[in-house]
Structures are given as C-alpha cells and as structure tokens.
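Please walk through the fold of this protein chain, from its overall make-up to its sheet, its helices and a few single residues.

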Amino acid sequence: MNHDGVEKSKYRIKFRCPLASRKYGCSCEHPCSDSKYGRTVHLAMKDNPRLINIPPRDSEEWKAEYNARTSAERSNKRQKLDFLLESGRHRSTKMWYCRLYSILMLQHLDAWDLPYQSDLKRLILHTA
C-alpha cells in the first residue's frame, strides 16, 4: 500500500493500492476493490503512535524534525550530566535559574570551540 495523505481532523493516515490510479482505476488482474479509486485503508494513529505518525518517517520533513529533536536531547544531556545541573543544593527558583543561565553560557562558549594553547607550548613555538 502507498501512503496517500493524512486526515488531521480524524487523526489517521490513508493508504491506497499501489496499482490504482485516480485517472484510470485499478490495473490489477484481480481487482482488490470494486471502486475505481482502488482499495483504501485508514490507520488510526492512536493504535501505534510510534509507527504511524505525522509527518511520515521516510519524508524530508521527518528528518528535519528528528535532527532538531536529537540536538535538543544532546543539549539536555550536556546540561544535566556534564554540568551537573540537578546536583545543585539550592531551593529557590532564582538560584536554579542563575545556575541554569551560567550553564547555558558555558555551553555557548564550548560551542565556539576555541583552541586551547598552553603557555609552555606558546613559549616553545615563539622561541623556535
């Protein structure tokens, strides 16, 4: 079956017979349906939301959304595990946001990827 669109109002996906065309009807030896439109199957997304979703998994729109999601997950991992966001021993939300803001600044500085050059290495390269 070929993907043939999404009904967002009913939250389901429509699939059609791959040999049926809108213009010429079904081209099978033994037609799977009496209608000219061909056999149609609707799948409700509530049945399996991980398998059946909007946008379809093999589309460019899905790839863009997935890339954005994985980059957000990497950012969350960096904040929670590498910078120990949750191990702060403060109760006020003001201190929590101060800590989060400083972690975000450190993440931004890490994204610049400034090359580190030690004083000893600089001295050796300068004298050579």
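In this predicted model, 33% of the contacts between residues at least 6 apart in sequence join residues at least 24 apart. The protein chain has 128 residues, and buried residues make up 15% of them. Its secondary structure consists of five strands and three helices. Along the sequence these elements follow the pattern β-β-β-β-β-α-α-α, with the strands preceding the helices.

The sheet comes next. Three strands, in the order β1-β2-β5, form an open sheet with antiparallel pairing. The edges are taken by β1, residues 2-7, and β5, residues 40-44; each has a single partner strand, so one side of each is left without a neighbour in the sheet. From one strand to the next, the twist averages 25°. As background to reading such a sheet, side chains in a regular strand alternate between the two faces of the sheet.

The pairings can be taken one at a time. Between β1 and β2 there are four bridges, in the antiparallel sense. One bridge joins E7 to its partner R12 in β2. The two strands form a hairpin, with four residues between them. Within that turn, Y11 has a positive phi of about 55°. On the other side of the sheet order, β2, residues 12-16, pairs with β5 over five bridges, again in the antiparallel sense. Here R16 has T40 in β5 as its bridge partner. Strand β2 thus has a named bridge residue for each pairing: R12 faces E7 in one bridge, and R16 is matched with T40 in the other.

From the sheet we turn to the helices. Helix α1 covers residues 60-82, and its axis comes within 10 Å of the axis of α2. Helix α2 covers residues 93-112. The two axes cross at roughly 120°. An angle of 65 to 115 degrees would count as roughly perpendicular and one over 145 as roughly antiparallel; α1 and α2 are therefore oblique to each other. Their crossing is right-handed.

Which residues of the two helices meet? On the α1 side they are S75, R78 and Q79, and on the α2 side L100, I103, L104, Q107 and D110. By class, this contact has three nonpolar, three polar and two charged residues.

One of these residues deserves a separate look. Q107 lies in helix α2. Is the residue buried or exposed? Its relative accessible area is 15%, and the cut-off for buried is under 20%, so Q107 is buried. Neighbours within four places in sequence aside, Q107 is in contact with S75, R78, Q79 and F83. Among them, S75, R78 and Q79 belong to the α1 side of the helix contact.

The loop between α1 and α2 holds L84. The relative accessibility of L84 is 46%, and the residue therefore counts as partly exposed. Setting aside neighbours within four places in sequence, L84 is in contact with Q79 and R99. L84 and R99 are 15 residues apart in sequence, and their C-alpha atoms are 10.0 Å apart in space. Q79 appears in both contact lists, as a partner of L84 and as a partner of Q107.

Definitions and conventions:
Residues are numbered from 1 along each chain as its sequence is written. This is a predicted model: local features need pLDDT of at least 70, side-chain atom pairs count only at pLDDT 80 or more; totals for chains, interfaces and linings use all residues. Side-chain values use heavy atoms; hydrogens and water are left out. Two strands pair if DSSP finds at least two bridges between them. Axes are lines fitted to C-alpha atoms, for helices over the stretch in contact, and angles run from 0 to 180 degrees between N-to-C directions. Buried means under 20% relative accessible area, exposed over 50%, partly exposed in between (1.4 Å probe, protein chains only). Contact means heavy atoms within 4.5 Å. Angles under 35 degrees count as roughly parallel, over 145 as roughly antiparallel, 65 to 115 as roughly perpendicular and the rest as oblique. A crossing is left-handed if the near helix is turned anticlockwise from the far one by less than a right angle, and right-handed if clockwise. Ala, Val, Leu, Ile, Met, Phe, Trp, Tyr, Cys and Pro count as nonpolar, Asp, Glu, Lys and Arg as charged, and the others, Gly among them, as polar.
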